[in-house]
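Visitor: I would like to learn how to read a structural model with care, one feature at a time. Could you take me through this one?

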Amino acid sequence: MVMPQSLPVHAAKLNLSFLFFSPPSALQLKLWNKYRVSNIPSLIFIDASTGKVVCRNGLLVIRDDPEGLEFPWGPKPFSEVVAGPLLRNNGQTLDSSALEGSHVGVYFSAHWCPPCRSLTRVLVESYRKIKEAGQKFEILFVSADRSEDSFKQYFSEMPWVAVPYADEARRSRLNRLYGIQGIPTLIVLDSQGEVITRQGRVEVLNDIECREFPWHPKPVLELTDSNAVQLNEGPCLVLFVDSEDDGESEAAKQLIQPIAEKIIAKYKAKEEEAPLLFFVAGEDDMTDSLRDYTNLPEAAPLLTILDMSARAKYVMDVEEITPEIVEAFVSDFLADKLKPEPI
């Protein structure tokens, strides 16, 4: 069995497991995209009666609860999972109840990870700016370091609080709660402990002045170097415009935003993640690289859906992009009426 490194090969329901072999079928790819699996092996528990995700990080469940004493492993409130003492880097402790009433960034990171260290430097400045602006905001560091000494060295650079390194069970429960598949990851919570965005890393890097804190998700994003990683998280509608003019990009965003909002609202009502992310791509080196990698025509405007995990693309090359064309294109994709081309 040979699979590309980026393709997940394992997912599970409560009483079923699927091993995915090469070449992947359309059904397998749909499952990978539906559950946003980005690494392997992955084990996901589903409530068979509702189809809703019970736990995204089943491998940690099996490790932490091998006898199934906590079955069915449903999600618990953040306040319950985090309950206990927290640390400051000067050795002082405080109770997790001190987080109540604040926005919280749950920061999964480690000193051995170069992208983590880079993000931490930016995040320290963002944290300072948000606090100086009078916002109630705290960051909770959940370490993935390989030793307590590494944890202490890394945490000494951070002005926020952390779960004690020795409390491996609580760190693991937080990983399970948010289905963490890689680091660095910054989950931003509202004052009630509900998730605002799982893309805190992207938001911090795109909003250095923190003007858009607490970073509620936008229906349509402008494709940038820092958020291009999201193209790997599932199918993405990308509208390419041949211009560096912000006005043209903004007009393109306004064109597809109502369709994006409708799709997002439909799936939110079902308590599911939207099956598409929406982007507008201008004219720059990163966009040129994406066009080259996916072998797209140079035409603009160009309406596409890119599915990196399936190595597939869907292209609508017409002279004029209208809301009706976008809506029909999205509807046909979701109904499996479009024929993919290979990337």
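Visitor: Where does Pro-214 lie?

Guide: Pro-214 lies in the loop between helix H7 (200-206) and strand E12 (221-222); helices (H or I, at least four residues) and strands (E, at least two) are DSSP runs, numbered from the N terminus. This is a predicted model, in which local features need pLDDT of at least 70 and side-chain atom pairs count only at pLDDT 80 or more, while totals for chains, interfaces and linings use all residues. Residues are numbered from 1 along each chain as its sequence is written, and side-chain values use heavy atoms, with hydrogens and water left out.

Visitor: What is the peptide bond that joins Phe-213 and Pro-214, cis or trans?

Guide: Most residues other than glycine have a negative phi, and most peptide bonds are trans. The bond joining Phe-213 and Pro-214 is cis, with omega about 10 degrees. Another cis bond runs from Phe-71 to Pro-72, where omega is near 15 degrees, and Pro-72 is placed in the loop between helix H2 (58-64) and helix H3 (78-82).

Visitor: Which sign does phi take at Cys-210 and at Trp-215, positive or negative?

Guide: Phi of Cys-210 is positive, near 60 degrees, and phi of Trp-215 is also positive, near 65 degrees. Cys-210 lies in the loop between H7 and E12, as does Trp-215. Burial is read from relative accessible area, where buried means under 20%, exposed over 50% and partly exposed in between (1.4 Å probe, protein chains only). Cys-210 is buried because its relative accessible area is 10%, and Trp-215 is buried with a value of 1%.

Visitor: How many disulfides does a search of the whole structure find?

Guide: A disulfide is a covalent bond between the sulfur atoms of two cysteines. The criterion applied here is a pair of cysteine sulfur atoms within 2.5 Å, and a search of the whole structure finds zero. As for burial, Cys-55 counts as buried at 5% relative accessibility, and Cys-236 counts as buried at 0%.

Visitor: How many salt bridges does the search find, and which residues can serve as examples?

Guide: A salt bridge is a side-chain nitrogen of Lys or Arg within 4 Å of a carboxyl oxygen of Asp or Glu, and the whole structure has 14 of them. In one of them, the side chains of Asp-167 and Arg-170 meet at 2.8 Å, N to O; Asp-167 is partly exposed at 25% relative accessibility, whereas Arg-170 is buried at 1%. Arg-63 forms a salt bridge with Asp-64, the closest N and O atoms being 3.0 Å apart, and here Arg-63 is partly exposed at 48%, as is Asp-64 at 30%.

Visitor: What separates Lys-253 and Glu-250 along helix H8?

Guide: The two are separated by about one helical turn, because they are three residues apart in helix H8 (residues 246-269). Their side chains meet in a salt bridge of 3.6 Å, N to O. Lys-253 counts as buried at 16% relative accessibility, while Glu-250 is partly exposed at 36%. Elsewhere, salt bridges that share partners join Arg-63, Asp-64, Glu-70, Glu-168 and Arg-176 into one network.

Visitor: Which residues does Tyr-178 touch?

Guide: Contact means heavy atoms within 4.5 Å. Leaving out residues up to four places away in sequence, Tyr-178 touches Phe-78, Val-106, Phe-108, Ile-187, Leu-189, Val-195 and Arg-198. Tyr-178 is in helix H6 (residues 168-178) and counts as buried at 6% relative accessibility.

Visitor: Which residues of H10 are buried?

Guide: In H10, Val-326, Phe-329, Val-330 and Phe-333 are buried. They cover an arc of only 95 degrees around the axis, which puts them on the same side of H10; the arc is that of the directions from the helix axis to the C-beta atoms.

Visitor: Where does pLDDT stay under 50?

Guide: pLDDT is the predictor's confidence in each residue, from 0 to 100. It stays under 50 over residues 1-23, for which the model has 59 contacts beyond four places in sequence. The protein chain averages a pLDDT of 87, and 91% of the residues score at least 70.
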